[in-house]
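Biologist: I should like to learn how to read the features of a structural model in an orderly way. May we work through one together?

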Amino acid sequence: MTTRLSPDGIALALHGGAGRILRDRMQPARDAELRASVARLLRNGLARLEAGAAALDAAQEVVAALEDDPQFNAGRGSALTSEGGVEMDAALMDGRSRAAGAVAGVREARNPIALARAVLDDGRHVLLAGAGADRFARERGIALAEPAWFVTAERLAELESARSGGRLSLDRDEPGAFGTVGAVARDIEGHLAAATSTGGMTNQRPGRVGDTPLIGAGTWADDASCAVSATGHGEAFIRAVFAHEVDAAVRLGALSLRAACEHALARVAALGGAGGCIALAPRGEPVAVFNTPGMVRGWIVPGHTPTVRLYGDEG
């Protein structure tokens, strides 16, 4: 039987990627604009949760809004592959039942997180990839966009820079383009959910899949333990089974949520990876942990104004 929380039990957190987000390279106007945008999304999401929305719906809606913002590496504004196109990944998970839906390498869905939700609701599979996922989007009436709609001048410049250096690029050389996006939510019924979306890495090989759509790597939710959305070097997060490592440390190791996130991130770092996560427990405040110079992150609980932070020295 579900134990209904008071409205004070509601919580919402989001992230917009971890990496070289540096105070001395961010223009003050851009800093203020970004903080205001994140705060607005948090207030809107909290209002939905206070009105009785499910955690899964609230997390999906926040991520969809971030996908529509071209400054983030998801949806419009996704990083470009070595061939100059987008291949987007997304996932979401419902803590009530551990139902999950994910997509990888999609090119047509305007909001990949909506397509991941369609996979979850359909219930026959957890992960669809490539052309099959795009075909499923058309079958389910998911809003589509032409390939050029996803591509921005900023991402094209990043691709040219990465090509000229013969490298993959995750951290941004210039402030103004941020990373993978995600949200975790706890609703009035005490249920948890997580949602994550990304365009991957600049100049990645076509067909590469990162941690975001892999349940237990970049995305996880279970009412018994935690909801987690990660961002960073996907290959290391996959090898560390990051999000499930957080779950296991809480559920079996009896660690606090923050300690569990730090433990899992240390395993990523030992593999040469960097990044971070946001997380929620069945009770308590949201947690944000990262080992990069900065991470776009914010959270809100009823009765409080949104907390928005960008840099490592903000705590």
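Biologist: To begin with a single residue, is Leu34 buried or exposed?

Modeller: Please note first that this model is predicted. A residue is called buried when its relative accessible area is under 20%. Leu34 has a relative accessible area of 0% and is therefore buried. Leu34 belongs to helix 1, which spans residues 28-50.

Biologist: With which residues is Leu34 in contact, leaving aside its neighbours within four places in sequence?

Modeller: Such contacts show which parts of the chain meet around a residue. Leu34 is in contact with Gln71, Phe72, Phe178, Val296 and Leu310, its neighbours within four places in sequence being left aside. For one of these, Leu310, the separation along the chain is 276 residues, while the C-alpha atoms of Leu34 and Leu310 are separated by 9.0 Å.

Biologist: How should a polar residue such as His15 be read, and is it buried or exposed?

Modeller: One takes the accessibility, then the place in the fold, then the partners. His15 is buried because its relative accessible area is 0%. The residue sits in strand 1, residues 11-19. Its side chain reaches the backbone nitrogen of Gly17 at 3.4 Å. Beyond four places in sequence, the contacts of His15 include Leu66, Thr180, Val181, Gly182 and Ser229. Val296 and Arg297 are also among them.

Biologist: Now a helix. Which residues of helix 4 are buried?

Modeller: For a helix, one lists the buried residues and then asks how they are arranged around the axis. In helix 4, residues 130-139, the buried residues are Ala133, Asp134, Phe136 and Ala137. They lie on the same side of helix 4, because the arc they cover around the axis is only 155°. Ala131 and Glu139, on the other side of helix 4, are exposed.

Biologist: Against which elements do the buried residues of helix 4 pack?

Modeller: They pack against strand 3 (99-106), helix 3 (112-122) and strand 4 (127-129).

Biologist: What phi does Gly141 take, just after helix 4?

Modeller: Gly141 takes a positive phi of about 70° there. In reading backbone angles, one also looks for positive values in residues other than glycine. Arg98 is such a case, with a positive phi of about 60°; it lies in the loop between strand 2 (88-94) and strand 3. Ala254 is another residue other than glycine with a positive phi, near 60°. Ala254 is found in the loop between helix 8 (242-251) and helix 9 (257-270). At a relative accessible area of 68%, Ala254 is exposed.

Biologist: Two arginines also interest me. Where does Arg140 lie, and where is the place of Arg117?

Modeller: Arg140 lies in the loop between helix 4 and helix 5 (147-150), whereas Arg117 is in helix 3. Arg140 counts as partly exposed because its relative accessibility is 38%. Arg117 is buried, since its relative accessible area is 16%. With residues up to four places away in sequence not counted, Arg140 touches Ala118 and Asp122. On the same basis, Arg117 touches Leu56, Asp57, Gln60 and Leu92.

Biologist: Turning to empty space, how many cavities of 30 Å³ or more does a search of the whole structure find?

Modeller: A cavity is a space where the probe fits but cannot get out, whereas a pocket is open. The search finds four cavities of 30 Å³ or more. The second largest has a volume of about 80 Å³. Twelve residues line this second largest cavity, and the closest to its centre are Thr180, Thr198, Arg208, Asp211 and Gly232. By class, its lining divides into two nonpolar, eight polar and two charged residues. Thr180 thus appears both in this lining and among the contacts of His15.

Biologist: What volume does the largest pocket have, and which residues line it?

Modeller: The largest pocket has a volume of about 170 Å³. Its lining is formed by Thr81, Glu83, Gly85, Val86, Glu87, Arg107, Glu108, Ala145, Pro147 and Val151. Sorted by class, these comprise four nonpolar, two polar and four charged residues. Val86, one of the lining residues, is 54 residues from Arg140 in sequence and 21 Å from it in space, C-alpha to C-alpha.

Methods:
Residues numbered from 1 in each chain as written. Heavy atoms only, no water. 1 Å grid on protein atoms, 1.4 Å probe; cavity = no way out; pocket = protein on both sides within 12 Å on 5 of 7 lines; lining within 4 Å. Points joined across faces, edges and corners; volume = space filled by probe spheres on them. Nonpolar A, V, L, I, M, F, W, Y, C, P; charged D, E, K, R; others polar. Helix = DSSP H or I, 4+ residues; strand = E, 2+ residues; numbered from the N terminus. Buried < 20%, exposed > 50% of the residue type's maximum accessible area, 1.4 Å probe, protein only. Polar contact = N/O pair within 3.5 Å; in protein donor to acceptor, adjacent residues only side chain to side chain. Contact = heavy atoms within 4.5 Å. Arc of directions from axis to C-beta.
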